[in-house]
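Hi everyone, thanks for coming. I'd like to walk you through one structure today, so please have the sequence and the 3D view open.

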Amino acid sequence: MTAVTTRTVEYPADGLTMVGYLALPAGADPRPAVLLGPEGMGLSDVERRRADALAELGYVTLAFDLHGGRYLSDPEGMLARCLPLLAAPERMRGIGHAALDVLRAEPRTDPDRIAAVGYGTGGAIGLELGRDGVDLRAIGTVNATTTGRPGEAANIRCPVWAGVGSEDPIMPPEQRKAFTAEMQAAGVDWRLTVYGGALHAFHHPTVDHPTVPGAGHHPRHAQRAWRDVVDLLAECVPVGD
């Protein structure tokens with residue numbers, strides 16, 4: 001295990017003061033970086049632990065905020081904020097760009113080696129950055145097979161990996177089909193992994209508050225999805241480069 005250092009960072013986005021979590025690998029040299037997006041509930045200790053784990057692997061990692069420092073444990077409140085956000089590409093891109101600016105401003109970040117990894121709403125934001133033509137080395141998402149405005153996927157300049165549960169009612173087969181059709185038509189280097197029997201947010205440990213219908217933890221597939229994320233980073237933005 002490699003020692004990491006962490007700190008919170010505040011920055012403006014979407015009319016809010018966001019509170020992100022930055023994890024830095026040991027050492028002082030520039031490193032590849034990961035922009036890490038949370039589920040619709042918002043930034044929590046789940047993403048902070050993942051940021052720590054990525055920093056231990058050698059990546060400067062910023063787990064970004066969605067809701068101005070809030071964690072939305074009430075499903076109705078979460079949907080009331082996230083559904084309009086998911087329907088507004090420019091808002092999503094604004095949140096993503098603001099976090100990306102923070103990550104790029106970190107002296108340890110190699111600005112030419114940045115990947116975006118996101119879950120749910122955070123994954124949709126990573127995809128919108130790609131559709132906006134941001135120079136990323138990879139985009140990885142879990143349960144975020146969202147589609148964009150027609151033709152904009154052609155702006156994606158890196159490989160895209162998406163993971164989704166086979167029983168996810170929020171990202172059902174027709175949504176997966178639309179997503180892959182968009183990627184294929186745009187000539188994107190894309191991959192889709194379907195985890196058999198898994199629900200929405202299968203990667204997320206069980207929480208002690210209500211969740212949206214159709215969400216549920218799948219420990220085995222959660223481990224597999226994490227390995228798939230790590231493999232994507234190792235392929236597209238290796239620490240040793």
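**Helices, salt bridges and a loop**

Let's start just past a helix: α4 is followed by Gly 133, and the phi of Gly 133 is positive, near 85°. Before I go on, please keep in mind that this is a predicted model.

Now to the helix itself. How many of the residues of helix α4 are buried? The count is 11 of the 11, across residues 121–131, so α4 is largely enclosed by the rest of the structure. If you click along the helix, the buried residues include Thr 121, Gly 122, Gly 123 and Ala 124. Glu 128 and Arg 131 are on that buried list too, and I'll come back to both of them.

Next, what α4 packs against. Two packed helices are described by the angle between their axes and the distance between the axes. For α3 and α4, the axes come within 8 Å and cross at roughly 95°. The two helices are therefore roughly perpendicular to each other, since that label covers angles from 65 to 115 degrees. On the α3 side, the residues that meet α4 are Pro 89, Met 92, Arg 93, Ile 95, Gly 96 and His 97. Their counterparts in α4 are Ala 124, Ile 125, Glu 128, Leu 129 and Arg 131.

Helix α3, residues 89–105, also packs with α2. Here the angle is about 100°, with the axes 6 Å apart. So α2 and α3 are again a pair that counts as roughly perpendicular. The contact is made by Arg 81, Pro 84, Leu 85 and Leu 86 from α2, together with Arg 91, Met 92 and Ile 95 from α3.

Leu 86 deserves another look. Helix α2 spans residues 75–86, and Leu 86 is found in it. Is Leu 86 buried or partly exposed? Its relative accessibility is 34%, so Leu 86 counts as partly exposed. Together with Leu 79 and Leu 83, Leu 86 makes a nonpolar surface patch of about 240 Å².

On to the charges. Side chains of opposite charge can pair when their charged atoms come close. The structure holds 16 salt bridges, and I've picked three to show you.

The first on my list is Glu 106 with Arg 7, whose side chains meet at 2.7 Å, N to O. Glu 106 lies in the loop between α3 and β5, while Arg 7 is in strand β1, so the pair ties together parts that are 99 residues apart in sequence. Glu 106 counts as buried because its relative accessibility is 7%. Arg 7, at 40%, counts as partly exposed.

Then we return to Glu 128, which forms a salt bridge with Arg 93; the closest N and O atoms are 2.9 Å apart. This pair links distant parts of the chain, with Glu 128 in helix α4 and Arg 93 in helix α3, 35 residues apart. Both Glu 128 and Arg 93 are buried.

My last pick is Arg 191 with Glu 235, where the closest N and O atoms are 3.4 Å apart. Arg 191 sits in strand β8 and Glu 235 in helix α6, 44 residues apart. With a relative accessible area of 32%, Arg 191 is partly exposed.

Which residues are joined into one network by salt bridges that share partners? They are Glu 90, Arg 93, Glu 128, Arg 131, Asp 132, Arg 149, Glu 152 and Glu 182. You'll recognise Arg 93 and Glu 128 as the pair between α3 and α4.

Finally, the loop between β8 (190–195) and α6 (219–236), where we find Ala 201. Ala 201 counts as buried, because its relative accessibility is 12%. Leaving aside neighbours within four places in sequence, Ala 201 is in contact with Glu 39, Asn 143, Ala 215 and Gly 216.

His 218 also has its place in the loop between β8 and α6. The relative accessible area of His 218 is 18%, so this residue is buried as well. Not counting residues up to four places away in sequence, His 218 touches Gly 196, Gly 197, Ala 198 and Phe 202.

One stop in α6 itself: Arg 224 lies in that helix. At 35% relative accessibility, Arg 224 counts as partly exposed. If you'd like a pair to try in your viewer, take Arg 224 and Glu 47: they are 177 residues apart along the chain, and their C-alpha atoms are separated by 17 Å.

That's my tour, and I'm happy to take questions.

Technical notes:
Residues are numbered from 1 along each chain as its sequence is written. This is a predicted model: local features need pLDDT of at least 70, side-chain atom pairs count only at pLDDT 80 or more; totals for chains, interfaces and linings use all residues. Side-chain values use heavy atoms; hydrogens and water are left out. Patches are made of residues with over 30% relative accessible area and no salt bridge: like charges are joined within 9 Å, nonpolar side chains (Val, Leu, Ile, Met, Phe, Trp, Tyr) within 5 Å. Accessible areas come from the Shrake-Rupley method with a 1.4 Å probe; for residues, only the protein chains shown count as cover. A salt bridge is a side-chain nitrogen of Lys or Arg within 4 Å of a carboxyl oxygen of Asp or Glu. Helices (H or I, at least four residues) and strands (E, at least two) are DSSP runs, numbered from the N terminus. Buried means under 20% relative accessible area, exposed over 50%, partly exposed in between (1.4 Å probe, protein chains only). Axes are lines fitted to C-alpha atoms, for helices over the stretch in contact, and angles run from 0 to 180 degrees between N-to-C directions. Angles under 35 degrees count as roughly parallel, over 145 as roughly antiparallel, 65 to 115 as roughly perpendicular and the rest as oblique. Contact means heavy atoms within 4.5 Å.
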